[in-house]
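Have a look at the structure below, and then read on for a short tour. We will start at the surface and work our way to some charged pairs.

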Amino acid sequence: MTTTELAPLPVGSGTTSAAVTVRGLTKRYGGRPVLAGLDLDVRRGECFALLGPNGAGKTTTIEILEGVRPRDGGDVVVLGEDPAVAGRGWRDRIGVVAQGEGGGAALSVRETLDHFAGYHATSRSTAELLSAVGLEESAGVRVERLSGGQRRRLAVALGVQGRPELLVLDEPTTGMDPVARRRFWELIRELRSDGTTILLTTHYLDEAAELADRVGVLAGGRLADVAPPDELGAALRRQSTVSWLEDGARRRVRTEEPGAVLRDLLAVHAEVPGLTVTRPGLEDVYLRLVGAVPTAADGDLR
Amino acid sequence: MTAVPTSARPAPPSAARIGLSRVGLELRLFFRERQQVVFSFAYPPVMLVIFASVLGADERPGGIPFAQYFLAGIAATGIMLTSFQAVGTAIAGERESGQLERLQLLGTPPVAYFAGKAGQVLVTAAAQLALLLPVARYGYDVPLPADLAHWATFLWVAALGALAGTVLGIAASALPGSATATTTAISALAIVLQFFSGVFFGFLELPGWMQQAAALFPLKWLTQGMRSAFLPEEAGAFEVAGGWEHGRTALVLAAWVIIGVMVCMRTFRWRRGEG
């Protein structure tokens, strides 16, 4: 309903409530445009999920926001500063959980956390971090002997160690088992309730639905839509699919007025075999937004 | 924008403090890499034993026994390997595994990262020399530096050489390509430099263009400085310049350190690819 999110605000306006403001961001790799005039707003204190298929530019976007990748054009303001020129004080206010690895592989988990504590103006204690990500029992284990999921948890601990105002997470739960994932979600909710702004990319729609106040879908180098998870793709959601069997074949009709379709059907047939009326879920909306499913509503797959 | 009440967050720790804590970290990581430790500490004595066994009867210009002349070269080479080669290789690996990316995201000042490497190199080079000198002294009767002045020369040449080698390693780690490719290039460069710089042969026996090429790099000066600490005063007459050139040695090595660090701070890459 509220599409005001998409209306660009001028840079600098209302910065007290904006953690991230992006206008017309462009980036190309060897002539191939990855970001084509991206606009993005993340408010202070919210959890924003950036969704998109592989190669859509999610990682590129957040690396530009982190100030570790140069941009080709556009305006970017993160926590009041331009990431391309901001200094260490600014960087210390941002926590990042990247896809890459942490400290030296021959260090134990505890040694890694103890060492990196010395890089921040203010740090969470190692004991607090170990328990928050559930690595207490692996504290003495060397990083090289950790499983993929445990490494991800260590990366999360390192990301939140410096009590960041803005936490940026690039596919944080990839490789985590379901228990670790739940625990991670819990941690993110706690951080959010403490006032930390959270920007995450994810492949998992359930994760976005679970955590995010708002979801942005990145497709074709721009945001295809921005909305709370259950309002995403409002126009698409209004379309229901009515499906039934007729002469042994399945018929489908997509409509905004399923009631009218049903009335017509029942006027002709006494009984309608295999009748279903489905509304698109988050996944259907997402797939259509990123253009993976052009028009067909796959009622059969549900 | 001025109204943003950014909580009174103190400034992040200074580069010096991070550098110091990185020295401790680098040393811990170094000593956990068993192969590296064995190679660094065993290579110079083993080379000394091999060369002294084969060429021990030879004499260098001025009637200096081969082992005495060679000790200066192998001490310099050992320092070069623990600084230039080990540092260049390590950085390329850390970049590839994403460890440098983490440091970049934490806002680590490059100079603090360099300081960690330099500190680790100084400590390991000292340990390496402390192992090599007794082998030369008691195994091959090589006299140690004659007096306090020669010991002082030995120390400043070793320290400056180790720092210059570290800087050269940091610079070489920026070579394009994978960590494996960088490692290969660095090893090749190290071997060529050893021959050019008169580590294995008398420097005077080398062709002039080789001598001039070597003079651009720290190893030649490090080796020459080491000879001035280990060889008798008269042997200076057999150097290219007819003397030990302490002033020029200090100048070249210090220039490598200072200019090198400034260049590296600009060219240093935390990630593969652009940046």
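Chain A exposes about 13100 Å², and carbon and sulfur atoms supply 50% of that area. Such accessible areas come from the Shrake-Rupley method with a 1.4 Å probe, and for residues only the protein chains shown count as cover. Of the 302 residues of chain A, 51% count as buried; buried means under 20% relative accessible area, exposed means over 50%, and partly exposed is in between (1.4 Å probe, protein chains only).

This is a predicted model, in which local features need pLDDT of at least 70, side-chain atom pairs count only at pLDDT 80 or more, and totals for chains, interfaces and linings use all residues. Residues are numbered from 1 along each chain as its sequence is written, chains are lettered from A and ligands numbered from 1 in the order in which they are written, and side-chain values use heavy atoms, leaving out hydrogens and water.

How confident is the predictor? The pLDDT is its confidence in each residue, from 0 to 100. Chain A averages 86, and 89% of its residues score at least 70. Over residues 1-15 of chain A, however, the pLDDT stays under 50, and over residues 295-302 of chain A it is below 50 as well.

Chain A has 10 helices and 12 strands. These are DSSP runs numbered from the N terminus: helices are H or I with at least four residues, strands are E with at least two. Among these elements, strand β4 (residues 73-78) has the highest mean pLDDT (96) and helix α8 (residues 234-237) the lowest (77).

Now for the charged pairs. A salt bridge is a side-chain nitrogen of Lys or Arg within 4 Å of a carboxyl oxygen of Asp or Glu, and the count over all chains comes to 26. Here are three of them:

| Acidic partner | Basic partner | N to O distance |
|---|---|---|
| A:Asp41 | A:Arg23 | 3.0 Å |
| A:Asp82 | A:Arg71 | 3.0 Å |
| A:Glu111 | B:Arg28 | 3.0 Å |

What does the pair of A:Asp41 and A:Arg23 tie together? A:Asp41 lies in strand β2 (residues 32-43) of chain A and A:Arg23 in strand β1 (residues 18-29) of chain A, so the pair ties together parts that are 18 residues apart in sequence. Both A:Asp41 and A:Arg23 are buried.

By contrast, A:Asp82 is partly exposed, with a relative accessible area of 25%, and A:Arg71 is partly exposed at 23%.

Technical notes
pLDDT = per-residue confidence, 0-100. Contact = heavy atoms within 4.5 Å.
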